[in-house]
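Biologist: I would like a close look at a single part of this model, followed by whatever can be said about its surroundings.

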Amino acid sequence: MATAQLYIGLMSGTSADGIDLALVDFSANKPTLVSSYYQAYDEETHQKITSLYNPTDNEIDRAFNLDKELAHLFAQAIKQFLQQQDLSASDIIAIGNHGQTIRHRPSQKNAFTVQIGCCQTLACLTNINVIGLFRQKDIALGGQGAPLVPAFHQEIFSDDGHDVFIVNIGGIANISYLPSLNSHNQGKTLIGYDTGTGNALLDDWFVSHQALHGSTNHYDKNGDWAATGNVIPALLTLLLSDKYFTLPTPKSSGREYFNITWLQHYLDKLAPSNSVLSPADVQATLVKLSALTIANEIKSIAKTAKIYLCGGGVHNKTLKGELNQALSNYEIFLTNQKGIDTDNVEAMAFAWLAYAYNKKIFSNSPVVTGASKKTTLGCIFYP
Ligand SMILES: Nc1ncnc2c1ncn2[C@@H]1O[C@H](COP(=O)(O)OP(=O)(O)OP(=O)(O)O)[C@@H](O)[C@H]1O
Ligand SMILES: [Mg+2]
């Protein structure tokens, strides 16, 4: 058997729920997920992250303090993980560190995206090479710098016989369309973009109505609270009219756009009836919005395909129910059926990006991000 080639992928997503680690072996033909680890953030860290999503006071001090603080939390999680796996730092070739996005503005004149969780500090703390800053070069080449996962999805989920969609329901939802490997000669290509809201807006609305549902969770567990509400058709129509949903691709988004202020703008438009809207009905409407904006995009791309879901949103039963209903003509699975747990796909992708950096493999997808050329993403930081 070939000697293991182990990389760790590290993801801290838009939901700011916690740190996802994936230990991946690249010694075989296809990357193999060896094991995974999750460390939830405490309330204070979650607050520190989410408070930086939008312009606020003293951002530079707060962002760069958190940059270091997160690197320490990432390092602690990696140490625990290695201990649990009975591995040492020297067994790991590199860590692929996505970091934590705190601002993503890919479409303005001076486009930029900011991920914190200092790679250099992480390398020194773990004594492992760290590859990070994956989004920078794609942005420098005129791309959106996001989503980056479609290239990885193509690498491991493409199918000879069928067109495939991978739907990642994270804070923001994104889809990858992977044409069947047999159909490339029919002119079909990889497609991938952020469809819009996923869980983040659901989380924000849920947390701001704690007094009503009584839960101190960051999210509506299983979508139980949403299930007590009824979709408000007039609100749904208004939200669906937002310009993001009809923007041409390439496109990507974040919490600086889809947030409570964005929602409030549409709630105000419904005024004065706004005052009588039930918060649980609004939550039900937001769930439907996430499901429909994913489903509409899928339907516009391919009439038949297998759909594989991943990301934290798959645990929201109400959201999953809405998706099943909106996509009843398609076969829907979880990525588990392709051998990768729904909660590990994103972190695994960042292990692959680190591997691609070391092997000088092109890892961006210009057709997805709009970058002017194919390139290898990332920068390396040594201990
Ligand atoms: N049991 C559950 N019931 C309902 N929602 C859940 C449950 N578990 C997780 N979630 C949702 O999933 C979110 C976390 O998902 P995930 O980690 O995929 O998103 P993310 O961190 O934004 O990732 P990314 O940005 O990489 O897509 C939580 O914030 C929550 O909204
Ligand atoms: Mg997460």
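In which helix is the place of His 46?

Modeller: In this predicted model, His 46 sits in helix α1, which spans residues 43-50. With a relative accessibility of 10%, His 46 counts as buried, because the cut-off for that class is under 20%. Leaving aside residues up to four places away in sequence, the contacts of His 46 are Ser 15, Ala 16, Tyr 41 and His 218.

One of these contacts, Ser 15, leads on to the ligand, since Ser 15 is among the closest of the 21 residues that surround ligand 1, together with Gly 171, Asp 203, Asn 222 and Gly 312. By class, that shell consists of 13 polar, five charged and three nonpolar residues. Oxygen atoms of ligand 1 take part in several short approaches: one is 2.9 Å from a side-chain N or O atom of Asp 17, one is 2.9 Å from a side-chain N or O atom of Glu 346, and one is 2.8 Å from a backbone N or O atom of Gly 312. On its own, ligand 1 has 650 Å² of accessible area, of which the protein covers 89%.

As for the nonpolar cores, the largest has 48 residues, and the members that touch the most others are Trp 262, Leu 263, Val 282 and Ile 298. Helix α11 (residues 279-301) gives this core its largest share, 10 residues. Apart from this core lies another, of 34 residues, including Ala 151, Cys 310, Val 345 and Ala 351.

Methods. Residues are numbered from 1 along each chain as its sequence is written. Chains are lettered from A and ligands numbered from 1 in the order in which they are written. This is a predicted model: local features need pLDDT of at least 70, side-chain atom pairs count only at pLDDT 80 or more; totals for chains, interfaces and linings use all residues. Side-chain values use heavy atoms; hydrogens and water are left out. Helices (H or I, at least four residues) and strands (E, at least two) are DSSP runs, numbered from the N terminus. Buried means under 20% relative accessible area, exposed over 50%, partly exposed in between (1.4 Å probe, protein chains only). Contact means heavy atoms within 4.5 Å. A nonpolar core is a set of buried Ala, Val, Leu, Ile, Met, Phe, Trp, Tyr and Cys residues joined through side-chain atoms within 4.5 Å. A residue is near a molecule or strand if one of its heavy atoms lies within 4 Å of it. A polar contact is a pair of N or O atoms within 3.5 Å; within protein, one must be able to donate a hydrogen and the other to accept it, and residues adjacent in sequence count only if both atoms are side-chain atoms. Accessible areas come from the Shrake-Rupley method with a 1.4 Å probe; for residues, only the protein chains shown count as cover. Ala, Val, Leu, Ile, Met, Phe, Trp, Tyr, Cys and Pro count as nonpolar, Asp, Glu, Lys and Arg as charged, and the others, Gly among them, as polar.
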